[in-house]
Amino acid sequence: MKNPSANIPSTQEALTGARHLSDQMLSGAEHAVESSRSLANETLDKAESKVRQLRGSIDPIVDKLATQAQKLARQSMDMAAEASDRAQRSIHRYADATTRYVANEPVKAVLIAAAVGAAVALLVASTRHRDSR
């Protein structure tokens, strides 16, 4: 008979897996924020260029509105950056909490991971089964 504990990963492996998963989540969030920031900057640059082209023929009121729109766009970018920072801090807190939980409760952590893996496997299997009909 096989040793049942041979299939249970060590606490270190569980910690490494949890850290790797949290690092991947953080990396994905950072990439999404950076992509959003780049797109916003490109859009603002295009808008500023267009505003410069039209300035010669625009009413002062319209020019003022464009300036306010740019200011609002910059404020929105700043708010998005702040939200990104808050999200990164939250992800770090959750990763640290997960790491502490795995370190303090390795057996429970492994059982939870196994249950989640089984649930995902069942979902994938049921999806494949439906698709093959």
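**Starting from R74**

R74 is partly exposed, with a relative accessible area of 36%. Keep in mind as we go that this is a predicted model. R74 makes a handy way in, since this residue forms a salt bridge with E48, and the closest N and O atoms of the two side chains sit 2.8 Å apart. R74 belongs to helix α2 and E48 to helix α1, so the pair ties together parts of the chain that are 26 residues apart in sequence. The two ends of this bridge fall into separate accessibility classes: R74 is partly exposed at 36%, while E48, at 18%, counts as buried because the cut-off for that class is under 20%.

How do the two helices that this bridge ties together sit against each other? Two packed helices are described by the angle between their axes and the distance between the axes. Here α1 covers residues 11–54, and it packs with α2 at an angle of about 175°, the axes being 9 Å apart. Any angle over 145 degrees counts as roughly antiparallel, and α1 and α2 are therefore roughly antiparallel to each other. As for what lines their contact, the residues divide into 18 nonpolar, 9 polar and 5 charged.

A couple of distances across this part of the fold are worth checking on screen. D63 sits in helix α2, and its C-alpha is 8.1 Å from that of V51, with the two positions 12 residues apart in sequence terms. D63 itself is partly exposed, at 24% relative accessibility. Further along, take E34, which is in helix α1. Its C-alpha and that of A81 are separated by 9.2 Å, although the two residues are 47 apart along the chain.

E34 also brings us to another salt bridge. How many are there in the whole structure? A search finds 2. Besides the R74 and E48 pair, R37 forms a salt bridge with E34, where the closest N and O atoms are 3.8 Å apart. That is within the 4 Å limit, so the pair counts as a salt bridge. This one stays inside a helix: R37 and E34 both lie in α1, 3 residues apart, or about one turn. Both partners are partly exposed, R37 with a relative accessible area of 33% and E34 with 42%.

Now back to α2, which spans residues 60–104, for a look along the helix. K71 lies here and is exposed, with a relative accessible area of 54%. Step 12 residues along the chain from K71 to A83 and the C-alpha atoms are 18 Å apart. V102 is in α2 as well, but this residue is buried, with a relative accessible area of 6%. From V102 to S76 there are 26 residues along the chain, and their C-alpha atoms are separated by 38 Å. Compare that with R74 and E48, also 26 residues apart in sequence, which are tied together as a pair between α2 and α1.

Last stop: the surface around helix α3. Which residues make the nonpolar surface patch? Y101, I112, V116, V120 and V124 do, and together the patch has an area of about 410 Å². Helix α3, covering residues 106–131, gives the largest share of that patch, with 4 residues. V120 is a good one to click on: its place is in α3, and V120 is partly exposed, with a relative accessible area of 46%. Patch members need over 30% relative accessible area, so V120 passes that cut-off at 46%.

Methods:
Residues numbered from 1 in each chain as written. Predicted model: local features only at pLDDT ≥ 70, side-chain atom pairs only at ≥ 80, totals over all residues. Heavy atoms only, no water. Helix = DSSP H or I, 4+ residues; strand = E, 2+ residues; numbered from the N terminus. Buried < 20%, exposed > 50% of the residue type's maximum accessible area, 1.4 Å probe, protein only. Axes fitted to C-alpha atoms, helices over the stretch in contact; angles between N-to-C directions. Parallel < 35°, antiparallel > 145°, perpendicular 65-115°, else oblique. Nonpolar A, V, L, I, M, F, W, Y, C, P; charged D, E, K, R; others polar. Patch = residues over 30% accessible without salt bridge, like charges linked within 9 Å, V, L, I, M, F, W, Y side chains within 5 Å. Areas by Shrake-Rupley, 256 points an atom, 1.4 Å probe, with all protein chains shown as cover.
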